[in-house]
Amino acid sequence: MTNEPSGEIIRCADGKYRWVYEKSLFRDPSILLLVLKVLGITVLIIWAFYMIVLFMDSASPEDMWEATKFNLLMFLVIMALGCLGYFLYAAIMGGKYCVVFTMDEKGVKHAQHKAQVKKATLLSELTVLAGVMAKNPSAVGVGMNSSCTEMYTKFSAVSEIRVDRKHETIRIGGNLVYVKDEDFDFVLGYIKEHCPKATVR
């Protein structure tokens, strides 16, 4: 394991390491880019499915081009709405995403701080309600997913570790572990030590 943690990471009586990380939602674009990436992939999948249906239905090239233009317009609208939604969320949350991490030999838990959970839950409930009233299943899905305030990753299930030192982020599976620069090597070393089969990128 690389060096020792600073006073920001505490080893508690139960042997688990715990630390709090506050991520600026306005200065750090990584979460916004992740949101836009997910939305973009969703639109791409819808477009590909639609193209397959049109092709199997022997649609003309003109019809396929019209469908592509419509999907491009939908992509731009969804990207714009994604940005607006993100900045609205950031403003309501006070510009910060506050996370409590708990890490031991078995895995790491990423949990939104209790002070922010009520706001996040209310926002997700409003998104679901708006989606139901508008008969929009994608909005309902986004709202239901955003209601999740915790994520736990077992080290035994990790096959890849992605390191983004610039944004103080270590990605293991779908979990994002945020850690300050002074403790980055310690946490990365601990994760690597407990995920010997994982590829580090």
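Here's a quick tour of one protein chain, from its overall build down to a few single residues. Keep in mind that this is a predicted model. The chain has 5 helices and 9 strands, and 5 strands form an open sheet. We'll start with the whole chain, move to that sheet, and finish with two residues, Val20 and Leu73.

**The whole chain**

- If you walk along the sequence, the helices and strands come in the pattern β-β-α-α-β-β-α-α-β-β-β-β-α-β.
- The chain has 201 residues, and 34% of them are buried.
- Take the contacts with a separation of 6 or more: 62% of them join residues that are 24 or more positions apart.
- The chain exposes about 12600 Å², and 64% of that comes from carbon and sulfur atoms.

**The sheet**

- In general, strands of a sheet pair through backbone hydrogen bonds, and the pairing can be parallel or antiparallel.
- Here the strands line up in the order β1-β2-β3-β4-β5, and the pairing is antiparallel.
- The edge strands are β1 (10–11) and β5 (150–154), and each of these pairs on one side only.
- Look at β2 (residues 17–24) and β3 (residues 96–103): these two strands run antiparallel to each other and are linked over 8 bridges.
- To pick out one of those links, find Tyr21, whose bridge partner in β3 is Val99.
- Helix α5 (residues 181–194) packs on the sheet and touches β2 and β3. The direction of α5 makes about 45° with that of β3.

**Zooming in on Val20**

- You'll find Val20 in strand β2.
- Is Val20 buried, partly exposed or exposed? Val20 counts as partly exposed because its relative accessible area is 43%, and the partly exposed class sits between the 20% and 50% cut-offs.
- Skip the neighbours within four places in sequence, and Val20 is in contact with Cys98, Val99 and Val100.
- How far apart are Val20 and Val99 in sequence and in space? They are 79 residues apart in sequence, but their C-alpha atoms are 5.7 Å apart in space.

**A nonpolar patch on the surface**

- Leu73, Val77, Leu81 and Leu84 make a nonpolar surface patch of about 410 Å².
- One of these patch residues, Leu73, belongs to helix α2 (residues 61–92).
- Why does Leu73 count as exposed? Its relative accessibility is 51%, and exposed means over 50%.

How values were computed:
Residues are numbered from 1 along each chain as its sequence is written. This is a predicted model: local features need pLDDT of at least 70, side-chain atom pairs count only at pLDDT 80 or more; totals for chains, interfaces and linings use all residues. Side-chain values use heavy atoms; hydrogens and water are left out. Two strands pair if DSSP finds at least two bridges between them. Helices (H or I, at least four residues) and strands (E, at least two) are DSSP runs, numbered from the N terminus. Contact means heavy atoms within 4.5 Å. Axes are lines fitted to C-alpha atoms, for helices over the stretch in contact, and angles run from 0 to 180 degrees between N-to-C directions. Patches are made of residues with over 30% relative accessible area and no salt bridge: like charges are joined within 9 Å, nonpolar side chains (Val, Leu, Ile, Met, Phe, Trp, Tyr) within 5 Å. Accessible areas come from the Shrake-Rupley method with a 1.4 Å probe; for residues, only the protein chains shown count as cover. A salt bridge is a side-chain nitrogen of Lys or Arg within 4 Å of a carboxyl oxygen of Asp or Glu. Buried means under 20% relative accessible area, exposed over 50%, partly exposed in between (1.4 Å probe, protein chains only).
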